[in-house]
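Here is a short tour to read with the structure open beside you. Take it at your own pace, and turn the view as you go.

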Amino acid sequence: MPAPEGINYTSDHEVSEDGSVTFKCSTDPDAWRWVKLPPSHPIVIQTFNYFISVECSAARGTLDPSKWSALTWMSWEIGEAGAGIPVRGTMGNRADGEKIGFGIELFDAEDRLVYRTIGKGVVFQTRNFEGWRSKAKKELDADKQPPRFAFGPREAVGALDCEHALIAPLDDGATETEALITNANGMPPGSRFLDGSGDHVNAVHLAEVGRQFCALLLGQPNVQLSGGEISFTRYVEMNVPFSIALTNRAEDAIEMMIEQAGKPCTSLIYRPAEDRA
């Protein structure tokens with residue numbers, strides 16, 4: 001996910017002997033538009049997670065820009081109700097052997113907890129990533145013009161101002177629908193808040209698809225979340241429709257599965273909350 005040229009989201013890094021990093025956060029909405037969004041919004045969660053993990057890894061000298069890496073699992077929870085924009089944070093080192101592991105806590109100007117996340121990932125050491133990805137995209141015709149697709153109403157999915165619905169309507173009583181991410185609805189300049197590598201559908205896109213699905217399922221366009229969990233097992237290709245389905249609904253959690261071409265790709269667990277800003 002590209003950053004604005006010449007600036008970082010985090011600064012004033014201090015690296016401890018155990019590999020944990022403390023830092024300050026940018027609060028500039030002109031550089032980082034998503035900082036103005038509600039703290040519980042999945043776009044915010046996934047975006048700060050990306051920039052913090054990359055920039056803090058660089059600060060402690062563990063980031064290798066010549067290698068591809070991928071997030072495989074992440075869990076998060078929202079901190080104190082009413083907490084403001086994060087101004088500082090800590091990223092702990094939870095690496096296990098060659099596998100990436102991290103824990104992030106962010107605090108506002110009054111030292112209130114805004115977010116707490118933990119995550120795991122992998123680094124592709126020797127695989128021909130570009131060749132493998134090229135083959136995967138070719139098999140699904142991902143480089144072709146995206147198909148015509150009937151997206152749901154923006155108002156029903158709670159899309160932000162100037163943003164797009166990413167999923168189709170959910171029929172009464174249905175628990176499954178389709179989604180489609182393209183350059184037009186998931187990348188700048190078509191989207192102000194969504195961004196990505198351009199190689200595939202990124203975590204931030206899938207997280208927002210999950211939120212829009214919950215909005216339709218609950219009939220709550222402005223559904224708020226107190227936390228969630230997301231696991232990635234297979235890349236989702238851009239320009240190719242994929243399904244999202246309810247797999248379990250508990251009193252405090254909604255579990256979903258994303259599949260493309262009949263293959264499971266991403267599982268999500270969202271925990272709706274009332275009156276969270």
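The notes below go through the helices, the core and the strands in turn.

Please keep in mind that this is a predicted model. A good place to start is helix α1, where 14 of the 18 residues are buried, so the rest of the structure largely encloses this helix. From there, the largest nonpolar core, with 63 residues, is a natural next stop.

**Helix α1 and what follows**
- Helix α1 covers residues 42–59, and its 18 residues reach 26 Å from the first C-alpha to the last.
- That span is close to the 26 Å expected at 1.5 Å a residue.
- Just after α1 comes Gly61, which takes a positive phi of about 80°.

**The nonpolar core**
- Within the largest nonpolar core, the residues with the most contacts are Tyr9, Trp34, Phe48, Ile52 and Val209.
- Helix α5 (residues 203–218) gives the most to this core, contributing 10 residues.
- In soluble globular proteins, nonpolar side chains tend to be buried together.
- Tyr9 is worth a click: leaving out residues up to four places away in sequence, Tyr9 touches Trp34, Phe48 and Ile52, among others.
- The partners of Tyr9 also include Lys24, Ser26 and Glu55, as well as Pro86.

**Gln212 in helix α5**
- Gln212 lies in helix α5.
- Is Gln212 buried or exposed? Its relative accessible area is 0%, which is under the 20% cut-off, so Gln212 counts as buried.
- The Gln212 side chain reaches the backbone oxygen of His164 at 3.3 Å.
- Beyond four places in sequence, Gln212 touches His164, Ala165, Leu166 and Ile167, together with Val157.

**Asn183 in helix α4**
- Asn183 is in helix α4, which covers residues 183–186.
- Gly198 is 15 residues from Asn183 in sequence, and their C-alpha atoms are 7.8 Å apart in space.
- Setting aside neighbours within four places in sequence, Asn183 is in contact with Met238 and Asn239.

**Strand β3 and its partners**
- Which way does strand β3 (residues 69–78) pair with strand β6 (residues 113–123), and over how many bridges? The two strands are antiparallel, with nine bridges.
- One place to see this pairing is Ser75, whose bridge partner in β6 is Ile118.
- Strand β3 is also joined to strand β8 (residues 224–232), by five bridges and again in the antiparallel sense.
- For that pairing, look at Trp76, whose bridge partner in β8 is Gly228.

Methods. Residues are numbered from 1 along each chain as its sequence is written. This is a predicted model: local features need pLDDT of at least 70, side-chain atom pairs count only at pLDDT 80 or more; totals for chains, interfaces and linings use all residues. Side-chain values use heavy atoms; hydrogens and water are left out. Helices (H or I, at least four residues) and strands (E, at least two) are DSSP runs, numbered from the N terminus. The expected span of a helix is 1.5 Å times one less than its number of residues. Buried means under 20% relative accessible area, exposed over 50%, partly exposed in between (1.4 Å probe, protein chains only). Contact means heavy atoms within 4.5 Å. A nonpolar core is a set of buried Ala, Val, Leu, Ile, Met, Phe, Trp, Tyr and Cys residues joined through side-chain atoms within 4.5 Å. A polar contact is a pair of N or O atoms within 3.5 Å; within protein, one must be able to donate a hydrogen and the other to accept it, and residues adjacent in sequence count only if both atoms are side-chain atoms. Two strands pair if DSSP finds at least two bridges between them.
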